[in-house]
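This report describes a single protein chain, going from its overall make-up to selected helices, enclosed spaces and backbone details. The sequence and structure come first.

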Amino acid sequence: MTTDPAPSLAVLGGGPAGLATGLYARRQGLDAQLFEAADAVGGNARTLRLGPFRYDTGAHRFHDKNPEITADVRALLGDDLRRVDAPSQICWRGRRIDFPLAPYDLLRKLPLSLIAQISREQFSIPGAAGPDAQHFEEMALQSYGSTLAHLFLLNYTEKLWGTDASELSPRVAGDRLEGLDLKTFFLEAFGGATTKARHLDGSFYYPKHGYGQIAEATADALGREHIRTGARITELGRSGDRIDRLVVNDEDPVEVDTVVSTLPLTLLISLLRPAPPAELRRMADSIRFRHLRLAVLGLDRPRLTPNASLYFPDRSVPFTRLYEPTNRSPDMAPADQTVVVLELPCHDEDAAWALSAEALKEKAWALLAAQNLVDADDEIVAFDDHAVPYAYPILEVGAEDKAERLQDYLRRFDNLHLLGRSARFRYTHVHNLYARAKALAHRLAGAPEHDGHETPR
């Protein structure tokens with residue numbers, strides 16, 4: 001078999017990071033080609049169809065945190081990118097608690113004895129986690145105090161990750177614990193709902209036809225002719241300090257000049273030939289990712305809740321989160337009907353990963369009934385069961401150091417660049433991915449980089 005001509009840039013993975021890299025690289029005049037193993041682009045940020053319903057493979061939202069990137073995405077989608085104001089809540093003992101936690105809301109919905117205990121604890125905690133927090137449990141206690149942390153955060157976090165909170169890095173919190181200090185607590189608790197702080201803003205952008213519309217529009221702008229779907233990377237050949245070829249689907253060799261990988265870091269290590277040292281391979285094997293099972297229900301009713309997401313911290317509930325796509329865009333379902341998605345996190349060795357679709361459906365309906373979200377005469381008119389592998393890198397204590405050692409090894413290849421959540425083993429939002437992809441494309445093309453953009457390596 002003859003080897004294909006080498007593109008100047010091979011992008012591995014067709015999720016948001018890969019698509020953004022391909023788009024900005026093409027705009028810089030680079031001959032970029034994207035390789036995606038699945039039959040469609042979007043990665044774990046796709047929008048799927050279930051009869052007349054649409055749903056996302058995650059409770060995604062686009063944050064307006066980078067004006068330049070927001071402008072770029074708006075240029076791709078036009079008026080289909082809409083501003084949404086939909087709050088999220090925690091389901092707790094039959095009550096709905098605002099999340100992120102809002103003191104005024106807690107004051108109205110928690111028993112006075114708990115409010116008194118929480119208020120006392122605010123005087124004895126720093127109000128925000130210090131830089132010396134060694135694990136998530138310590139960070140949560142420093143941020144919220146023992147009562148709030150144990151009521152709403154620690155149990156949920158352990159259920160989500162399948163790991164004890166004392167074994168998780170503080171970085172699993174992302175920016176969820178920011179902004180709630182002692183002053184904010186009492187300002188909001190006794191000043192009323194109108195004094196809610198900026199950290200409780202529930203506004204975001206969302207496309208008319210689902211979050212995957214961002215990926216599809218990016219792919220269109222990149223040029224579908226530059227994207228190979230059904231192209232699973234099965235080997236990366238290295239010579240000296242360079243990656244010189246990749247193999248697609250075990251049989252199709254492609255010479256490469258420059259490579260940007262958005263593949264999971266551990267997968268990338270396993271694909272290298274010759275293989276890296278055994279110590280590094282064992283280290284990669286010890287890093288874990290969390291998978292998701294999605295239970296998708298089309299319901300014959302106009303709405304289930306007014307929320308963007310509902311969270312279930314109770315350990316007796318197998319699911320962690322429910323989201324209702326029609327609260328992001330009414331175009332996600334027919335008029336007078338709605339669609340809801342329940343997330344069930346698991347490892348691939350868990351019973352939940354092998355659960356039958358019918359059993360998953362029964363568990364989902366049982367939860368909706370137990371939470372008094374559905375009536376006896378409500379109907380499920382459509383159901384889907386979707387698996388999301390490698391949904392989240394599990395940031396266990398020590399995993400970041402392992403990931404850094406793996407990345408340090410990969411830095412020896414001067415034509416290999418890593419970009420994306422799974423490739424960099426860190427949490428980030430889509431607007432950050434697009435900004436970093438744009439900065440990388442500028443650098444690869446020898447163009448001036450934008451100020452304020454992190455340059456990945």
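In sorting lining residues by type, Ala, Val, Leu, Ile, Met, Phe, Trp, Tyr, Cys and Pro count as nonpolar, Asp, Glu, Lys and Arg as charged, and the others, Gly among them, as polar. On that basis the lining of the second largest cavity divides into 7 nonpolar residues, with no polar and no charged ones. The model is predicted, and every value below is computed from it.

**The second largest cavity**

A search of the whole structure finds 4 cavities of 30 Å³ or more. The second largest cavity has a volume of about 50 Å³. Its lining consists of Pro-16, Ala-45, Tyr-211, Ile-214, Ala-215, Val-430 and Tyr-434. Helix 8 (212-222) and helix 14 (430-444) each contribute at least two residues to this lining.

**The chain as a whole**

The chain contains 14 helices and 20 strands. Of its 457 residues, 56% are buried. When contacts between residues at least 6 apart in sequence are considered, 71% of them join residues at least 24 apart.

**The second largest pocket and Thr-266**

The second largest pocket holds about 350 Å³ of space. It is lined by 15 residues, and the closest to its centre are Thr-266, Asp-285, Ile-287, Phe-289 and Tyr-390. Helix 9, helix 10 (278-286) and strand 15 (289-299) each supply at least two residues of the lining. The largest share, 4 residues, comes from helix 9. By type, the lining of the second largest pocket has 6 nonpolar, 4 polar and 5 charged residues.

Thr-266 belongs to helix 9, which covers residues 265-271. Is Thr-266 buried or exposed? Its relative accessibility is 15%, and the cut-off for buried is under 20%, so Thr-266 counts as buried. Leaving aside residues up to four places away in sequence, Thr-266 touches Ala-284, Ile-287 and Phe-289. Ile-287 and Phe-289 are also among the residues closest to the centre of the second largest pocket.

**Two helices with a buried side**

Helix 12 runs over residues 399-410, 12 residues in total, and reaches 17 Å from its first C-alpha to its last. That is close to the 16 Å expected at 1.5 Å a residue. The buried residues of helix 12 are Ala-399, Ala-403, Leu-406, Gln-407, Tyr-409 and Leu-410. Because they cover an arc of only 155 degrees around the axis, they lie on the same side of helix 12. An α-helix has 3.6 residues a turn, so residues three or four places apart point the same way. The exposed residues Asp-401 and Asp-408 sit on the face of helix 12 turned away from its buried side. The cover over the buried residues of helix 12 includes strand 10 (233-239), helix 9, strand 14 (272-273), helix 10, strand 20 (416-418) and helix 13 (421-424). Helix 9 and helix 10, which appear in this cover, also supply residues to the lining of the second largest pocket.

In helix 5 (residues 136-144), Phe-136, Met-139, Ala-140, Gln-142, Ser-143 and Tyr-144 are buried. They cover an arc of only 165 degrees around the axis, which puts them on the same side of helix 5. What do the buried residues of helix 5 pack against? Their partners are helix 4 (112-122) and helix 6 (146-161). Gly-145 follows helix 5 and has a positive phi, near 85 degrees.

**Backbone details**

Most residues other than glycine have a negative phi, and most peptide bonds are trans. The peptide bond from Arg-273 to Pro-274 is cis, with omega near -5 degrees. Pro-274 is in the loop between strand 14 and helix 10. Two residues that are not glycine have a positive phi, as listed here.

| Residue | Phi | Loop | Relative accessibility |
|---|---|---|---|
| Arg-93 | near 50 degrees | between strand 6 (88-92) and strand 7 (95-99) | 65% |
| Asp-336 | about 70 degrees | between strand 17 (321-323) and strand 18 (338-346) | 58% |

With a relative accessible area of 65%, Arg-93 is exposed. Asp-336, at 58%, also counts as exposed.

Definitions and conventions: Residues numbered from 1 in each chain as written. Predicted model: local features only at pLDDT ≥ 70, side-chain atom pairs only at ≥ 80, totals over all residues. Heavy atoms only, no water. Buried < 20%, exposed > 50% of the residue type's maximum accessible area, 1.4 Å probe, protein only. Contact = heavy atoms within 4.5 Å. 1 Å grid on protein atoms, 1.4 Å probe; cavity = no way out; pocket = protein on both sides within 12 Å on 5 of 7 lines; lining within 4 Å. Points joined across faces, edges and corners; volume = space filled by probe spheres on them. Expected span 1.5 Å × (residues − 1). Arc of directions from axis to C-beta.
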